[in-house]
Amino acid sequence: MGNMSYCRFENTAADLRDCLNAIQRGETDDLSSYEMDGLKSIMRMANDLVEMEDDIIELLNRLKEQV
């Protein structure tokens, strides 16, 4: 089930932190092929996110002004 739009970024950040912690703790010895594909997808999306950094900062600043 997907994240509700009002908490998608918060939930995804928590899930990503869990994945990062698992990698840091070495809990990756028995990844299935599906999990390996998922990790590859995360890497691609992380690179896309970094490339969008300026746009994201602009968005966050704009939203901050609205609050």
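Author: A salt bridge is a side-chain nitrogen of Lys or Arg within 4 Å of a carboxyl oxygen of Asp or Glu. The structure discussed here is a predicted model.

Reader: Which residue meets Arg-62 in a salt bridge?

Author: Arg-62 lies in helix H3, and its partner lies four residues away in that helix, about one turn. The distance from N to O is 3.8 Å, and a salt bridge requires these atoms to be within 4 Å, so the pair qualifies. Arg-62 itself is partly exposed, with a relative accessible area of 42%. The partner of Arg-62 is Glu-58.

Reader: What is the N to O distance in the salt bridge of Arg-25?

Author: The structure holds two salt bridges. In one of them, the side chain of Arg-25 meets that of Glu-27, a residue that counts as partly exposed at 44% relative accessibility. The N to O distance between Arg-25 and Glu-27 is 2.7 Å.

Reader: How many disulfides does the structure contain?

Author: A disulfide is a covalent bond between the sulfur atoms of two cysteines. The cysteine sulfur closest to that of Cys-7 belongs to Cys-19 and is 17 Å away, too far for a bond, because a disulfide requires the two sulfur atoms to be within 2.5 Å. Cys-19 is accordingly in no disulfide. The count of disulfides is zero.

Reader: Is Cys-7 buried or exposed?

Author: The two cysteines may be considered in turn. Cys-19, with a relative accessible area of 34%, is partly exposed. Cys-7 has a relative accessibility of 14%, and the limit for burial is under 20%, so the term that applies to Cys-7 is buried.

Reader: Which helix supplies the largest share of the lining of the largest pocket?

Author: The largest pocket has a volume of about 540 Å³ and is lined by 15 residues, with Thr-12, Leu-16, Ile-42, Met-45 and Leu-49 nearest its centre. Two helices, H1 and H2 (33-51), each supply at least two residues of this lining. The largest share is nine residues, and the helix that supplies them is H1.

Reader: What is the combined accessible area of the nonpolar surface patch that includes Leu-16?

Author: Leu-16 is placed in helix H1, residues 8-24, and counts as partly exposed at 38% relative accessibility. On the surface, Leu-16 forms a nonpolar patch with Leu-20 and Ile-23. Together, the accessible area of these residues is about 230 Å².

Reader: How far apart in space are Ile-57 and Lys-40, C-alpha to C-alpha?

Author: Ile-57 is found in helix H3, residues 53-66, and is partly exposed at 40% relative accessibility. In sequence, Ile-57 and Lys-40 are separated by 17 residues. Their C-alpha to C-alpha distance is 25 Å.

Technical notes:
Residues are numbered from 1 along each chain as its sequence is written. This is a predicted model: local features need pLDDT of at least 70, side-chain atom pairs count only at pLDDT 80 or more; totals for chains, interfaces and linings use all residues. Side-chain values use heavy atoms; hydrogens and water are left out. Patches are made of residues with over 30% relative accessible area and no salt bridge: like charges are joined within 9 Å, nonpolar side chains (Val, Leu, Ile, Met, Phe, Trp, Tyr) within 5 Å. Accessible areas come from the Shrake-Rupley method with a 1.4 Å probe; for residues, only the protein chains shown count as cover. Buried means under 20% relative accessible area, exposed over 50%, partly exposed in between (1.4 Å probe, protein chains only). On a 1 Å grid over the protein atoms alone, a cavity is a set of points where a 1.4 Å probe fits but cannot get out, and a pocket is an open set with protein on both sides within 12 Å along at least five of seven lines; lining residues have an atom within 4 Å of a point. Grid points are joined across faces, edges and corners, and a volume is the space filled by probe spheres set on the points.
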